[in-house]
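Let's take a walk through a protein model together. Have the sequence and the 3D view ready, and look back at them as you read.

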Amino acid sequence: MVIQTPEAVMFWILAPLAVISALGMLLVKKAVHSALLLAWVMITLAIFYIAQEALFLGIVQIVVYTGAVMMLFLFILMLVGVDSSDSLTETIKGLRPIAITAAIGFGGLMVALIGRATIGRQPVGLQAANAEGNVQGLAKLLFSDYVWPFEVVSALLITAALGAMVLAHHERTIARPTQRESAIARFRTGSLASAAGLPGPGVFARHNAVDVPALLPDGSPAPTSISATLKARGDMLESSPFQLDVVDTTVVEEK
Amino acid sequence: MNPNNYLYLSALLFTIGAIGVVVRRNAIVVFMCVELMLNAANLAFVTFSRINGTLDGQVTAFFTMVVAACEVVVGLAIIVAIYRSRRSASVDDASLLKR
C-alpha cells in the first residue's frame with residue numbers, strides 16, 4: 001500500500017489543525033467554545049476516516065458525533081448555563097504541573113512505542129477488503145463474526161435510553177396545585193387589587209408599548225403594569241408626557 | 001507518508017484528552033475530553049484496520065461509537081441530575097462523600 005501525495009498533504013494540513021483545536025479545547029474558558037473546537041476535531045477525524053478507506057465510519061462520525069452527540073452536549077450546556085466551573089483557576093494545588101508531566105510522559109511513551117514497534121510487514125491497505133464496497137464488507141462482518149457483540153450493543157443502547165429516562169425523571173416534592181386551589185389562593189392571599197390580574201402597560205391611544213406604565217385614574221403611573229425584568233434593566237419610559245392634559249390634543253386640519 | 005503518522009496523531013489526541021479530564025473542572029468539558037479520547041482510540045482502530053487489511057478494526061470502531069453514544073446519554077443525564085440538586089456543574093463541588 002502506498003499513500004498518495006494528496007492524502008499526505010491533507011494529513012499535514014488537517015492533523016496540526018486537529019491538535020491545535022484539541023489543545024484549544026483545554027485552554028479556552030467557555031465550555032461552548034470547547035464544544036465547537038471538539039466538533040472541529042471530530043470533523044477532521046471524519047475526513048481522516050474517509051481518507052483511510054473507512055467511508056461508512058466517516059459518515060457515521062459526522063452524523064452521530066458532530067450531529068447527535070455534539071448537539072446533545074450543546075443542549076446540556078445551554079440547559080446548565082455558565083457557572084464558576086468555567087474558570088480555569090487551579091483548585092487542587094500542584095495538580096496542573098503533575099498532570100502535564102504525566103501526560104508528557106504518557107504521550108512520549110506512546111510515541112516512542114509507535115516509533116519502535118513494527119508489525120514485520122508492509123501495511124496492506126483495504127483495497128481487497130473493500131472490493132465489494134465498504135458498507136457491504138462491514139455488514140458481512142457485523143452479521144456473521146460480530147453478531148453477538150452487535151446484539152449486546154443493542155441491549156446496551158436500550159439500557160442507556162432507559163437509564164437516561166430514570167435519571168432525568170424526578171418526582172414533584174409538593175403536589176401540583178389545582179386550578180381551584182390557585183384561584184382560592186389568589187383571593188385569600190395578597191391584595192385584592194391584583195386578584196383579577198395585573199394592569200396592562202401602555203397609555204391608551206397615546207403610547208401602548210410595553211415599556212410605558214399605564215396611568216391610573218388619578219393620573220399616576222401604575223408600577224405593576226410593567227414587567228419586573230424591564231424595570232430591573234431600566235428600560236422604562238416615563239408615562240407622564242402621555243397624560244391627556246399634557247398632550248396637545250387640538251385637532252389640526254389635514255391638508 | 002507512513003500510516004503510522006495517524007497513530008502518532010491518535011496518541012497525541014488521546015494524551016490531550018487525558019490532560020483535559022484531569023485539569024478541567026466543568027463536568028461537561030471533562031466529558032468532552034473523554035469523548036476526544038474515545039475518538040482518538042477510534043482513529044487508531046481505523047488506522048490499524050487499514051494497516052492489517054481487514055475490516056475488523058472498523059467494526060470495533062463502530063462498536064466504540066455506539067458505546068460512546070450510550071455513555072454520552074447516561075453521562076449527560078447524570079450531569080443534569082447533579083446540576084439540579086447542587087446548582088453546579090463543577091466536578092470539585094460534588095464531594096459529598098468526603099464529609
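We'll begin with the overall form of chain A and then step into the largest pocket.

Before anything else, keep in mind that this is a predicted model. Chain A is built from eight helices and two strands. If you trace it along the sequence, you'll meet the elements in the order α-α-α-α-α-α-α-β-β-α. Now for how chain A is spread in space: its radius of gyration is 32 Å, while the globule rule gives 18 Å for 255 residues, so chain A is more spread out than a compact globule. You can also picture a box drawn along the principal axes: the C-alpha atoms of chain A fill one of roughly 95 × 55 × 50 Å.

What about inside and outside? Of the 255 residues in chain A, 30% are buried. The chain exposes about 16900 Å², with carbon and sulfur atoms supplying 68% of that area. As for who touches whom, take the contacts in chain A with a separation of 6 or more: 50% of them join residues 24 or more positions apart.

Now let's head for the largest pocket, which holds about 510 Å³ of space. Which parts of the model supply its lining? Helix 4 (95-116) of chain A does, and so do helix 1 (4-23) and helix 2 (27-52) of chain B, each giving at least two residues. The lining has 27 residues, and those nearest the pocket's centre are Ile114(A), Asn4(B), Leu7(B), Phe48(B) and Ile51(B). Sorted by type, the lining residues come out as 19 nonpolar, seven polar and one charged.

Terms used. Residues are numbered from 1 along each chain as its sequence is written. Chains are lettered from A and ligands numbered from 1 in the order in which they are written. This is a predicted model: local features need pLDDT of at least 70, side-chain atom pairs count only at pLDDT 80 or more; totals for chains, interfaces and linings use all residues. Side-chain values use heavy atoms; hydrogens and water are left out. On a 1 Å grid over the protein atoms alone, a cavity is a set of points where a 1.4 Å probe fits but cannot get out, and a pocket is an open set with protein on both sides within 12 Å along at least five of seven lines; lining residues have an atom within 4 Å of a point. Grid points are joined across faces, edges and corners, and a volume is the space filled by probe spheres set on the points. Helices (H or I, at least four residues) and strands (E, at least two) are DSSP runs, numbered from the N terminus. Ala, Val, Leu, Ile, Met, Phe, Trp, Tyr, Cys and Pro count as nonpolar, Asp, Glu, Lys and Arg as charged, and the others, Gly among them, as polar. The radius of gyration is taken over C-alpha atoms; the globule rule is 2.2 Å times the number of residues to the power 0.38. Buried means under 20% relative accessible area, exposed over 50%, partly exposed in between (1.4 Å probe, protein chains only). Contact means heavy atoms within 4.5 Å. Accessible areas come from the Shrake-Rupley method with a 1.4 Å probe; for residues, only the protein chains shown count as cover.
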